[in-house]
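Open the model in your viewer and keep the selection tool at hand. Each stop below says what to select and what is there.

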Amino acid sequence: MARSLTARVAAIAFGVELVFAMAIPLAYLHLFAIERGEDRAPVLAIIAALYVVRTAALIGYLAWLLRPIDRWLAASGSSSQAAADLARSAARAAYDTPLLFPIVWATSWLLFYLPVTASLQRWLADQIPLSARAGEATVLFGLSCFAAALPLSYAILSWLLGPVAGRISLSLRERGLPLPGRRLSVRARLVVLSLSLITAPTSWMGVHAYMSQVWTAQRDLAARAGLLADALARELERSADRAVWEAAARSLSTPLDLVAVATTDGAIVVPSDAERELAAAPGLRPRLARALSRAPADAVLDPSAQRALAYRSTPSGAGSPAVALVISRQPVRDRAGELLTLLLFALISLSWAPICAAFLAGSIARPLGRIRAVVTRIVARGDVDRLGRIPIFHRDELGELAQGVNEMIDRLQASAERIRRYGADREQALAVAARRAAELDAVLDNMVEGVFACDRSGAITHMNAAGLRLLELSSAGAVSRAPMEAGGLAAVHPDGRPFSPAELPLLRALAGEVIVEEDGVLENPGSHRPVFLRSSAAPIRDATGAIAGAVAVARDVTEVAEFDRLKDEFIRVAAHELKTPVAILKGYARTLMRTDQMLSVRSRRMLEAIDRGAERINGVVEDLLDISLARLDTLHLSPVPVDLDELVRATVAGVGASELHRVVIRREDPAPLTVRADSARTRQALGNLLNNALKYSPGGGTIEVVLSSDRVRGEAQASVRDYGVGIPTNRQGGIFRLFYRAHTDTPHDYGGMGVGLFMAKELIKRQGGRIWFESREGEGSIFSFTLPLA
Amino acid sequence: MQTASLKVLVVEDDPDLAALEAELLEEHGHHVEVAYNGREALAAVERVAPDLILLDMKMPVMSGREFVEEYRRAQPSPAPIVVVTAADDAQVRAAEVGASGWIAKPFDPDALVANVMRLIPRP
């Protein structure tokens, strides 16, 4: 197939043409009325030779034009730059050849019969009609051939080369190369086609009409007769020999022309058979006689226009005067021949037009069919996968439509691919999200802490297994808007106050609060087992920072709380139990010291040591009792209006300041400061601060107690300032924590249980005050607290 | 400052502490009777009709509170009571039982005596 493309195109194209090419000479011969066999033979020979030469040249040209296609077909598969160039030139050949070649081809038909006619005039000069306007007739004839050949050749070539062009276009498309070649719109092609369809029969009819007019023109008939008469008259003047006359007359005679020598009165001299012809035409002889009597030389027409009569009377020097007489007859129309021509023409037209139409329709309908098929598949399947591209057969509107559809498919496939990729990505993301969610669920469900999450409206969206256990719910189905109520549970503060809904950690977090380790108690009337919870909660914010929900984590600290309570209880009981023995120790020691005057110095010193030891134990016992009171929340304070000045003075006086220290009270507010406080407990707190100040000023120095007030806030402030060792920055964090000792394992570890500041904080807080400090290592500390003004 | 001798009932479960209290008071010339719990104390008040009672709150058999209730019920004109307790809120406890005074354990011997003196009913 690849090798034979040119051959196939040439074979089909010229094969189809050959049918017509064989019919056309017959029409030609008939047109010029070359009817004698001996005349036809040379004409046909010339035509055949010309045809062979012309066709060979055309095939050569066609082969040259189509060579790139053959090369491309042979080389298809390679993918170099050279192959791209090859494809481009092949495409150019495939698109341009159906446009260019038919013009050459049809032009060859336009010119084909001109040399034939020229040679006819040379060889068949005596054929009178040929002399008259044979050139124009041949041009008209050629034009009709041209008009017939143009659409036929275009239709054949575009039909044959369209599919090849389509294949090349797909190959170019794969390489992303634009389509070369000339564009010819369908409209232009249809205009040329219709012009050809009009021109071919019109000029054919025209040449026929023209020739028959030549044949029938009266003037021509008379002129012919005159011409023949002049020729005979010249012979008559040259010789008086009758035999010569007869020979001349016979040689000039044709089947249509009676050439004879007559006497001036109209009698035929030679040839003898002319007499018979004249006799066959009654009325001619008297007309001849009348004519001869009027003029010596003339040509007249038979009124019926069937005959022309010409005569020349010669000055007869030798013998009787003679008249050269010619009667030209209108040729008898060859009815059968005309019918044959018509039939031939009809056959040619009948085959030519449908063949043109079929080829052309094929070349238009095939691309349209491809486009329709693709569009139908897109519509029917709804997707564009595995859809081939439409080959572009011709560079015209249909080709552009196909190209448009191709680009549409490209776009659709690209977008389908995008969608598929997006879908795959999304599925993967969903799978990852699902796995994460499962992991998270597993983690959450295996957590000891209960985890609760709610949305913006406060509705619970998630509760893990521990959360369900905490709330004594069996399943997440029981989760509702108010999970506490769902479980018949009541949340209370550690001191027994019930939680209002707005106090629940989750709902507070929803309002933006971050809650860290806050204690609460869940009381469940069903099980009568209160659950101690330590909850943290935080809002969940979306990308814009708006609160989208909240999450709370609650730990069941019932055991810890119970243990803690036991520990505090133990401390309390132990401290209590210590009090009596301490009282005995102290009591006896002091009683002995006081009452027994006979004690030796040594014994007295021992008793004093016992008393001091007992006092220290008592101090520890007091501390422990205070701790247990604070921890068990059984510390009872009785706030009453107290004069802060006096309270401070009394406290300062009570602390055991050594001679190294000087405690100074400074007042910033001259007005009396009456605070609402429990006097003893406030003294205890202040005493703790003072004791610390003294303890951590080992080198002695001034301790300042500064009193001030903020009437706007309604509070009085007392600050205890020392210039002692200070607290290292990294140890300042837990300073108010129970048993925290900032100076543990430092040179400034002066002992103690780490209770003083804790108690000070507890006592001040419980009286509605605040306590804080500032400290710098090596420079000293300021501990301040406030109390509400009375 | 010597005053009239009084009959004092010391109610204290710890014998050593009871002995100390008794010692201190007797030293000041008071007559001391000791009971080791509430029930003994009830018997003692019947027997001696004390002018003053030093009462420990936490005792076996019968606590100080129970004793006060019983005592008040049985005695139309009860003697003043001084609560001697280790409880941290001694004052509150004392107020609860309607005591005339309170002494927190551990006490200073002089403070005990002074407290008792202060409470001696003036004839």
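The tour visits a sheet, a helix, one side chain and an interface.

The model is predicted: local features need pLDDT of at least 70, side-chain atom pairs count only at pLDDT 80 or more, and totals for chains, interfaces and linings use all residues. Residues are numbered from 1 along each chain as its sequence is written, with chains lettered from A and ligands numbered from 1 in written order.

**The sheet.** Select strands 13, 15, 16, 18 and 17 of chain A (strands are DSSP runs of E, at least two residues; helices are H or I, at least four; both are numbered from the N terminus). In that order they form an open five-stranded sheet with mixed pairing (pairing takes at least two DSSP bridges). Strands 13 and 17 of chain A are the edges. Strands 13 and 15 of chain A pair in the parallel sense over seven bridges. One bridge joins A:Arg662 to A:Thr702.

**The helix.** Now select residues 644–654 of chain A, helix 18. Its buried residues are A:Leu644, A:Leu647, A:Val648 and A:Thr651 (buried: 20 or more other C-beta atoms within 10 Å; exposed: 12 or fewer; C-beta atoms placed from the backbone). They fall within an arc of 95° seen down the axis, so they line one face (the arc uses directions from the helix axis to the C-beta atoms).

**A side chain.** Go to A:Phe570 in helix 16 of chain A. A:Phe570 is exposed, with 12 other C-beta atoms within 10 Å.

**The interface.** Select both chains: 16 residues of chain B contact 17 of chain A (contact: C-beta atoms within 7 Å, placed from the backbone). Helix 1 of chain B gives the most to its side, six residues.

Definitions and conventions. Two residues are in contact if their C-beta atoms, placed from the backbone, lie within 7 Å.
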